[in-house]
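Please look at how charged side chains are arranged in the structure below, with attention to their pairing and to their exposure. The walk begins with one residue and then moves on to its surroundings.

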Amino acid sequence: MAKMMMMQQSQPSLSLLTSSLSDFNGAKLHLQVQYKRKVQQPKGALYVSASSEKKILIMGGTRFIGIFLSRLLVKEGHQVTLFTRGKSPIAKQLPGESDQDFADFSSKILHLKGDRKDYDFVKSSLSAEGFDVVYDINGREAEEVEPILDALPKLEQYIYCSSAGVYLKSDVLPHCEVDAVDPKSRHKGKLETESLLQSKGVNWTSIRPVYIYGPLNYNPVEEWFFHRLKAGRPIPVPNSGIQVSQLGHVKDLATAFLAVLGNEKASKEIFNISGDKYVTFDGLARACAKAGGFPEPEIVHYNPKEFDFGKKKAFPFRDQHFFASVEKAKHVLGWKPEFDLVEGLTDSYNLDFGRGTFRKEADFTTDDMILSKKLVLQS
């Protein structure tokens, strides 16, 4: 039988840092407050009250997206359980989070320890506990999802974190939810999971983020730029630098996940979620410099075909135009991103990198290869 644990207030925590942009319990949550006012919402909009408390399972939940989402759900009065392997602390104090808020959260969050690839355990433990809603934050393959569905025949909603990476590369942009998908993409497992959910007849919702950034990001998205800016180094950007991309703040993604909960308009629907505007690679380098208070960056363009980087990744974004429309989410859900790019990058820099707490050590190996060749050509 699965072991359910109530977390105590003595969990390890991150250092506190006060920031006007970090109050995830305040201004950045006014979307959630709006959804509470049922009389102001159209039929089918989310209505959360004490009487609609749900027993919610989050697959994952101790990193990045799950950290912010779990706080929103607990704050709304839901009973939230995180299913993890137990390798990371279940409750971490957020930068800028008061001791009282953290204590309140950590006293309410529950933990179900296990490996989601242990399908027999998943079936037995979930069926024993019973859940109304599942948020699948870390699912990558369809075979990981089927045991969850089998264990919860009365499940009210399965909310899945997919990826905009499932779209087929196209000359016509932005990507919309009805666009062609690529069954051979590296995200094909997520695409197959969406197909499984459709075939099972379960009430599902799929969220397709583009690039996600923000505090506690474990992927080197904005961090890649901040490393170079902080070291006073040039920023190598592939080809022309005018490739257009898109980033969405993790807190905006969390509010989107909240907006689909119990919302009949989100039933069996897919939503792209990201920022409102698009940005070039060069523009992103400049935005990161502005957010961190650095001088105008020196940008060095190079042709990736002239280098053999081996298995090292020389740039954190795919070298192409890649962005998606979020109009469907705005019109159907009433959701909208609250962070513009510079504001969101400032939030990320102040709460993480401004304290020197980079998640990964800087690796300038590929940069040095590029810059060395540039110097040779100039000499």
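In this predicted model, Arg186 has a relative accessible area of 73% and is therefore exposed, since that class begins over 50%. The residue is found in the loop that runs between strand S6 (157–161) and helix H6 (188–200). On the surface, Arg186 belongs to a patch of positive charge, where it gathers with Arg63, Arg85, Lys87, Arg140, Lys313 and Lys360. Membership of such a patch requires over 30% relative accessible area and no salt bridge, a condition on area that the 73% of Arg186 satisfies.

From these charges we can turn to those that are paired. How many salt bridges does the rule count? The count comes to 17 when a side-chain nitrogen of Lys or Arg must lie within 4 Å of a carboxyl oxygen of Asp or Glu.

One of them joins the side chains of Lys330 and Asp276, with an N to O distance of 3.0 Å. Because Lys330 lies in helix H10 (residues 327–333) while Asp276 sits in the loop between strand S12 (269–273) and strand S13 (279–280), this pair ties together parts that are 54 residues apart in sequence. Lys330 counts as partly exposed, at 23% relative accessibility, and Asp276 also falls in the partly exposed class, at 41%.

Lys330 has a further partner in Glu327, and here the closest N and O atoms are 3.3 Å apart. Both residues of this pair belong to helix H10, where a separation of 3 residues places Glu327 and Lys330 about one turn of the helix apart. Glu327 has a relative accessible area of 33% and is thus partly exposed.

A salt bridge with an N to O distance of 3.0 Å also connects the side chains of Glu296 and Arg286. The pair links distant parts of the chain, 10 residues apart, with Arg286 in helix H9 (281–292) and Glu296 in the loop between that helix and strand S14 (299–302). Are the partners buried, partly exposed or exposed? Glu296 counts as exposed at 59% relative accessibility, whereas Arg286, with a relative accessible area of 38%, is partly exposed.

Finally, salt bridges can also be followed through a group of residues: Arg116, Lys117, Asp136 and Glu144 are linked in a network of them. In that network, Arg116 and Lys117 count as positive, and Asp136 and Glu144 count as negative.

Note on methods
Residues are numbered from 1 along each chain as its sequence is written. This is a predicted model: local features need pLDDT of at least 70, side-chain atom pairs count only at pLDDT 80 or more; totals for chains, interfaces and linings use all residues. Side-chain values use heavy atoms; hydrogens and water are left out. Patches are made of residues with over 30% relative accessible area and no salt bridge: like charges are joined within 9 Å, nonpolar side chains (Val, Leu, Ile, Met, Phe, Trp, Tyr) within 5 Å. Accessible areas come from the Shrake-Rupley method with a 1.4 Å probe; for residues, only the protein chains shown count as cover. The place of a charge is taken as NZ of Lys, CZ of Arg, CG of Asp or CD of Glu. Helices (H or I, at least four residues) and strands (E, at least two) are DSSP runs, numbered from the N terminus. Buried means under 20% relative accessible area, exposed over 50%, partly exposed in between (1.4 Å probe, protein chains only).
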